[in-house]
Amino acid sequence: MGLLIILGLFVLFIGLSNSYNKLERSEKSKNNILNLDEQKINMLNFVQPTSAQLISSSLGQDNEILLRYLYEGNNVFVILNSKTRQIRSIMTVKKGTQFSLD
């Protein structure tokens with residue numbers, strides 16, 4: 001009986017030490033997130049027409065930002081390169097009877 005109690009206490013201490021290590025790692029990751037003041041934030045100002053409605057945005061490969069707009073009844077896709085701060089391409093999708101390029 002005493003052996004089972006000792007074994008149980010041993011397992012309890014191992015479990016507590018593992019939980020403490022996980023808690024310590026999670027606090028370190030929280031501290032990394034909260035140190036935004038130390039990191040340089042790259043500001044990017046993009047001007048859009050007032051009649052354009054932003055539908056969605058997503059971040060792609062090589063820090064390219066895809067913006068989808070509804071503009072004058074058409075879907076417009078704008079691809080921005082956040083490193084060079086330039087518009088890479090603008091694509092307008094119009095409705096038709098078949099797929100084609102104009």
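1. Strands here are DSSP runs of E, at least two residues long, numbered from the N terminus. On that basis, N63 sits in the loop between β1 and β2. The model is predicted.

2. N63 has a positive phi, near 55 degrees, and is not a glycine. Most residues other than glycine have a negative phi. The relative accessibility of N63 is 34%, so this residue counts as partly exposed. D62 also deserves a look. In the β1-β2 hairpin, with 4 residues between the strands, D62 takes a positive phi near 55 degrees.

3. The strands on either side of that loop are antiparallel. Strand β1 covers residues 53-59 and is joined to β2 by 6 bridges. As one point of register, L59 faces I65 of β2.

4. E64 belongs to β2, which spans residues 64-71. Is E64 buried or exposed? Its relative accessibility is 17%, and buried means under 20%. E64 therefore counts as buried.

5. What does the side chain of E64 pair with? A polar contact of 2.9 Å links it to the side chain of R88. Leaving aside residues up to four places away in sequence, E64 touches S58, L59, I79, L80, N81 and R88. L59 thus appears twice in this note: it touches E64, and it stands opposite I65.

6. On its other pairing, β2 meets β3, residues 74-81, through 8 bridges in the antiparallel sense. Within this pairing, R68 has F77 of β3 as its bridge partner. The β2-β3 hairpin has 2 residues between its strands, and E72 takes a positive phi near 55 degrees there.

7. Further along, R85 lies in the loop between β3 and β4, the latter being residues 86-93. Phi of R85 is positive, near 55 degrees, in a residue other than glycine. How accessible is R85? At 47% relative accessibility, R85 counts as partly exposed. The cut-off for exposed is over 50%.

8. Now the N-terminal part. Helix α1 runs over residues 2-34 and includes V11. V11 is also a member of a nonpolar surface patch. The other members are M1, L4, I5, L7, L9, F10, L12, F13, I14 and L16. Together with V11, these residues have about 1200 Å² of accessible area.

9. Points to check by eye: the E64-R88 side-chain contact at 2.9 Å, the positive phi of N63, the positive phi of R85, and the nonpolar surface patch that includes M1 and L16.

Notes:
Residues are numbered from 1 along each chain as its sequence is written. This is a predicted model: local features need pLDDT of at least 70, side-chain atom pairs count only at pLDDT 80 or more; totals for chains, interfaces and linings use all residues. Side-chain values use heavy atoms; hydrogens and water are left out. Buried means under 20% relative accessible area, exposed over 50%, partly exposed in between (1.4 Å probe, protein chains only). A polar contact is a pair of N or O atoms within 3.5 Å; within protein, one must be able to donate a hydrogen and the other to accept it, and residues adjacent in sequence count only if both atoms are side-chain atoms. Contact means heavy atoms within 4.5 Å. Patches are made of residues with over 30% relative accessible area and no salt bridge: like charges are joined within 9 Å, nonpolar side chains (Val, Leu, Ile, Met, Phe, Trp, Tyr) within 5 Å. Accessible areas come from the Shrake-Rupley method with a 1.4 Å probe; for residues, only the protein chains shown count as cover. A salt bridge is a side-chain nitrogen of Lys or Arg within 4 Å of a carboxyl oxygen of Asp or Glu. Two strands pair if DSSP finds at least two bridges between them.
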